[in-house]
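Student: Hey, can we go through this one together? I'd like to start with a single residue and work outwards.

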Amino acid sequence: MQVQERPWQTFLGVMMVLIIIPLAFRMEPARFEPFARVSTWRFLALGLALTLEASAIAILASVPLAMFFALARHSGPPWLRYPVIVAVEGIRALPLLGLMFYLFLRLSALGRQMGIDALTRPDAAVIAALWLYTGAVNGEALRAAILSLPRGQWEAARSLGLTYGQAMRLVILPQAFRRALPPLVAQFATLVKDTSLGAIIGFIELYRRGVILFQGERNPMETLYVVSVIYFLINYALGRVAGALERRSGLSRG
């Protein structure tokens, strides 16, 4: 038996937590004063825009990469399948921070050699690392969705005279994407948080701007609380979208 979720109950619960946290950590109201200034919110908004931009580019660019990984590993020839398996498992096993730092060094050197300034920027390495990592993760999600489809779908497509490519394009992939859509949206929520790792290579996104802010205002607890609330609101909205997609696709039914 499923318990129906009531939005107002969730809202009240969230509001209670947001009120309790400042009290529990003894945050001083006076230290929230910088957030009454428009300049503070403009500074954070620029970081939020960079965070969302890097996340959106990475997730959108990862879709064709994930499709390539999934199809190559599912039904590709051996000369392609095994290198893809090594690449996917290797990327997933690497720490994202290490991958980001490595790409920053390599892309910066390549950019200087080729005279392409865009490659020397930290956001290029952040987006590239998130693109590769997300492509590997989403590729596995898409491959799992393909494998979860009933074999009758393949048989029905082949009985209509469709080739393998036509069956995959017209029958299998649309259903697989429908099943994989909720975890894909959930991965976007993860990306929003993972962009904060780019601070180590000079990517001045939302979290890093929060650090810069509290170093000047000397209110670390209050600033990090506000930044955390922003992250929470974004990821909560994305979580609601993922839940709605899951219910619409009928995957939440037992």
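Tutor: Sure, let's start with T223, which is buried, with a relative accessible area of 0%. One thing to keep in mind is that this is a predicted model.

Student: OK, why does T223 count as buried?

Tutor: Because its relative accessible area is 0%, and buried means under 20%.

Student: And where does T223 sit?

Tutor: T223 is part of helix α10, which covers residues 220-249.

Student: Which residues does T223 touch?

Tutor: Leaving out residues up to four places away in sequence, T223 touches F35, G210, L213 and F214. Two of those names, G210 and L213, come back when we get to helix α9, in its contact with α2.

Student: Let's zoom out then. How many helices and strands does the chain have?

Tutor: The count is 10 helices and zero strands. Reading from the N terminus, the elements go α-α-α-α-α-α-α-α-α-α.

Student: Ha, easy to remember. What size of box do the C-alpha atoms fill?

Tutor: Roughly 70 × 60 × 25 Å, taken along the principal axes.

Student: How much of the chain is buried?

Tutor: Of the 254 residues in the chain, 37% are buried.

Student: What about contacts between residues far apart in sequence?

Tutor: Take the contacts between residues at least 6 apart in sequence: 75% of them join residues at least 24 apart.

Student: You mentioned α9 and α2. How do those two pack?

Tutor: Helix α9 is residues 206-217, and α2 packs with it at an angle of about 155°, their axes 7 Å apart. That makes the two roughly antiparallel, because an angle over 145 degrees counts that way.

Student: Which residues make that contact?

Tutor: On the α2 side they are T40, F43, L44, L46, G47, L48, L50 and T51, and on the α9 side L206, R209, G210, I212 and L213. Sorted by class, the contact of α2 with α9 has eight nonpolar residues, four polar and one charged.

Student: What about α2 and α3, how are they arranged?

Tutor: Helix α2 is residues 38-75 and helix α3 is residues 78-93. They pack at an angle of about 130°, and their axes are 8 Å apart. So α2 and α3 are oblique to each other.

Student: Is the crossing left-handed or right-handed?

Tutor: Left-handed, for α2 passing α3. The residues in contact are F68, F69, A72 and R73 from α2, with L80, R81, V84, I85, V88 and E89 from α3. By class, the contact of α2 with α3 comes to seven nonpolar, no polar and three charged residues.

Student: And α2 with α6? How far apart are the axes there?

Tutor: The axes of α2 and α6 come within 6 Å and cross at roughly 45°. That pair is therefore oblique too. Here α2 passes α6 in a right-handed crossing. The contact of α2 with α6 has 19 nonpolar, six polar and three charged residues.

Student: New topic: how many salt bridges are there?

Tutor: The structure holds 10 salt bridges. One of them joins the side chains of E140 and R73, at 3.0 Å from N to O. That pair links distant parts of the chain, with E140 in helix α6 (residues 122-148) and R73 in helix α2, 67 residues apart.

Student: Are E140 and R73 buried or exposed?

Tutor: E140 is buried, and R73 is buried as well.

Student: Got another one?

Tutor: D123 forms a salt bridge with R121, where the closest N and O atoms are 2.7 Å apart. D123 is buried, at 17% relative accessible area, whereas R121 counts as partly exposed at 46%.

Student: Which residues do shared salt-bridge partners join into one network?

Tutor: R73, E89, R92, E140 and R143. So R73 is in that network, and R73 is also in the contact of α2 with α3.

Student: One last pair: what's the distance between R31 and E28?

Tutor: Their side chains meet in a salt bridge at 3.7 Å, N to O. R31 counts as partly exposed at 38% relative accessibility, and E28 is partly exposed with a relative accessible area of 42%.

Technical notes: Residues are numbered from 1 along each chain as its sequence is written. This is a predicted model: local features need pLDDT of at least 70, side-chain atom pairs count only at pLDDT 80 or more; totals for chains, interfaces and linings use all residues. Side-chain values use heavy atoms; hydrogens and water are left out. Axes are lines fitted to C-alpha atoms, for helices over the stretch in contact, and angles run from 0 to 180 degrees between N-to-C directions. Helices (H or I, at least four residues) and strands (E, at least two) are DSSP runs, numbered from the N terminus. Angles under 35 degrees count as roughly parallel, over 145 as roughly antiparallel, 65 to 115 as roughly perpendicular and the rest as oblique. A crossing is left-handed if the near helix is turned anticlockwise from the far one by less than a right angle, and right-handed if clockwise. Contact means heavy atoms within 4.5 Å. Ala, Val, Leu, Ile, Met, Phe, Trp, Tyr, Cys and Pro count as nonpolar, Asp, Glu, Lys and Arg as charged, and the others, Gly among them, as polar. A salt bridge is a side-chain nitrogen of Lys or Arg within 4 Å of a carboxyl oxygen of Asp or Glu. Buried means under 20% relative accessible area, exposed over 50%, partly exposed in between (1.4 Å probe, protein chains only).
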